[in-house]
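Please consult the sequence and the structure shown below. The briefing that follows covers strand pairing, hairpin turns and one helix.

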Amino acid sequence: MRVTTAFSRLLRLGKGVVVKKVQFGRGTVIVEVALRRRRLVCPECEFSTRARKDTRPEMSSWRHLDLGVWRLEIRCQRRRLWCPVHGARTEGVPFARPLSDFTRDFECLVAWLATRTDKTTITRMLRIDWRTIGRIIKRVCEDELDPDRLAELYEIGIDEVSWKKQHNYLTLIADHRRRQVVWGCGGKGQKAADAFFTELDPDPASSPPPVSAGQPRQPPEPAIMVPFGPCPTVPAGHGIPAAWLGPDRELDLAIVARASRLTAVSMDMTGGYAKSVRHHAPHATICIDPYHVVQLANQALDEVRRAYWNELRSLADPDAAKRFKDSRWCLLKRPEKLTDEQAATLARIKAAGGEVWRAYTLKEAVRGIFEAGLSLEDVEVLIKRLLSRLARSRLDPFIRLGKTIRKHRDGILAAIRLGINQGRTEALNNKVRLITRRAYGFHSAQAALALIMLTCGPVTLHLPHELYALGTG
Ligand SMILES: [Zn+2]
């Protein structure tokens, strides 16, 4: 077998790609390929043509999966074409995404690893830097996420995570039913929520005209409004709810808006998101994520603990202060998850009594209202009792917490009534926060967002050999 034939089979770069030459450089195998297809394809759309504008003078190159200890570089002389939409473009290749210096197989490996392992492992193993990884996962994310992820949303949660340092935020939309993050953007508050609703129901007037110039026309979409029974030509879940229109009436866009299907939106107690939801989805129930109530109770406890610690320090008892500083986690963790040593520390705090122990029991009481198996009536009674306990607590952070809970009581009860319980949101929240920490080294919010979406979103990442086995690679 000739070397070029052997490499064609090894690299499987796609139909019409032939290996012309194989060279060995310094630690790198350089494989020169040629595109043997008649039609030139625009890298950014479906447009293809036989007309060649010219040939790009420089060679293009891509990094492919390593071959043993050798780096592998693909080189190719590409032609250029004139796309009626995108103008002069260098032709697309089947083995790489447009504007990428890496093959699809390589990017696929990067994305898979990035969602599973730490920065040092992946940069050392693949010999690329973290910023490049950020750019790669952004491309993979745009390509691989389920395009229908916003189609069937009923109960959603809207929340922000801080990214990088303080005051860098990402707003995320979680689908409570699928337990996945389905949308995100940089920033937070009402503006971010508005951006979500705009993407959920884009203004028909502002969508770009269809790409058609010089293209074979697609047959028109089948009609999907049928009065009786399911439409035979539209797969279930892809149509829009049917409605009869009276004479001389225009179709009301609010009826078919995807926001009109939302039944519940959960959020924190800061208020920015509620405004936007009331405007765009006025019929949806606004609930308060139990996760955030517990988080607020934890913050109040931490405030009491810190005040006490500072007091110990000012009493010039550094030993006591240091011992107490380590107590942070035994106070914040769930009692059933404590290690033996942490449990002993907690028992000491209990024996000492005082403000910190009182704050701890109040925090546990807040958590208690969201225990699984409680009926709505139970919770109503518990909240009532909790509110009077908090009001009488003589601890400022908890008195404030009580006021906040009283103000959002209806939202908290709505969450329990609709089954948006703490367990359901906490797991996803913890996963998101873990990933966000890993994304600190990225240069852009978009890269951080891509890592969250690839890890917690509607996407299945495969390794190159799995794609090959599936027959799609
Ligand atoms: Zn194009």
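Strand β2 (residues 28–35) runs parallel to strand β7 (residues 70–76), and 6 bridges connect the two. Strands here are DSSP runs of E with at least two residues, and helices are DSSP runs of H or I with at least four residues, both numbered from the N terminus. Two strands count as paired if DSSP finds at least two bridges between them.

The model is a predicted one, in which local features need pLDDT of at least 70 and side-chain atom pairs count only at pLDDT 80 or more, while totals for chains, interfaces and linings use all residues. Residue numbers start from 1 along each chain, following the sequence as written.

**Partners of β7**
- Within the pairing of β2 with β7, Val 29 has Leu 72 as its bridge partner.
- Glu 32 is likewise bridged to a residue of β7, namely Arg 75.
- Strand β6 (residues 60–67) also pairs with β7, here in the antiparallel sense and over 6 bridges.
- Arg 75 of β7 is the bridge partner of Ser 61, and Arg 75 is also the bridge partner of Glu 32.
- The strands β6 and β7 make a hairpin with 2 residues between them, and Gly 68 in its turn has a positive phi of about 60 degrees.

**The hairpin of β1 and β2**
- Strand β1 (residues 17–24) is joined to β2 by 7 bridges, and the two strands run antiparallel.
- Phe 24 lies opposite Val 29 of β2, and Val 29 has a bridge partner in β7 as well, Leu 72.
- This hairpin has 3 residues between its strands, and Gly 27 adopts a positive phi near 70 degrees.

**The open sheet β5-β8-β9**
- An open sheet of 3 strands is arranged in the order β5-β8-β9, and its pairing is antiparallel.
- Its edge strands are β5 (54–55) and β9 (87–90), each of which pairs on one side only.
- Strand β8 (residues 79–83) is connected to β9 through 4 bridges, with the strands antiparallel.
- In this pairing, Leu 81 is found opposite Arg 89 of β9.

**Helix α11**
- Helix α11 (residues 340–352) has 13 residues and should span 18 Å at 1.5 Å a residue, which agrees with the 19 Å between its end C-alpha atoms.
- The expected span is 1.5 Å times one less than the number of residues in the helix.
- Gly 353 follows α11 and has a positive phi, near 65 degrees.
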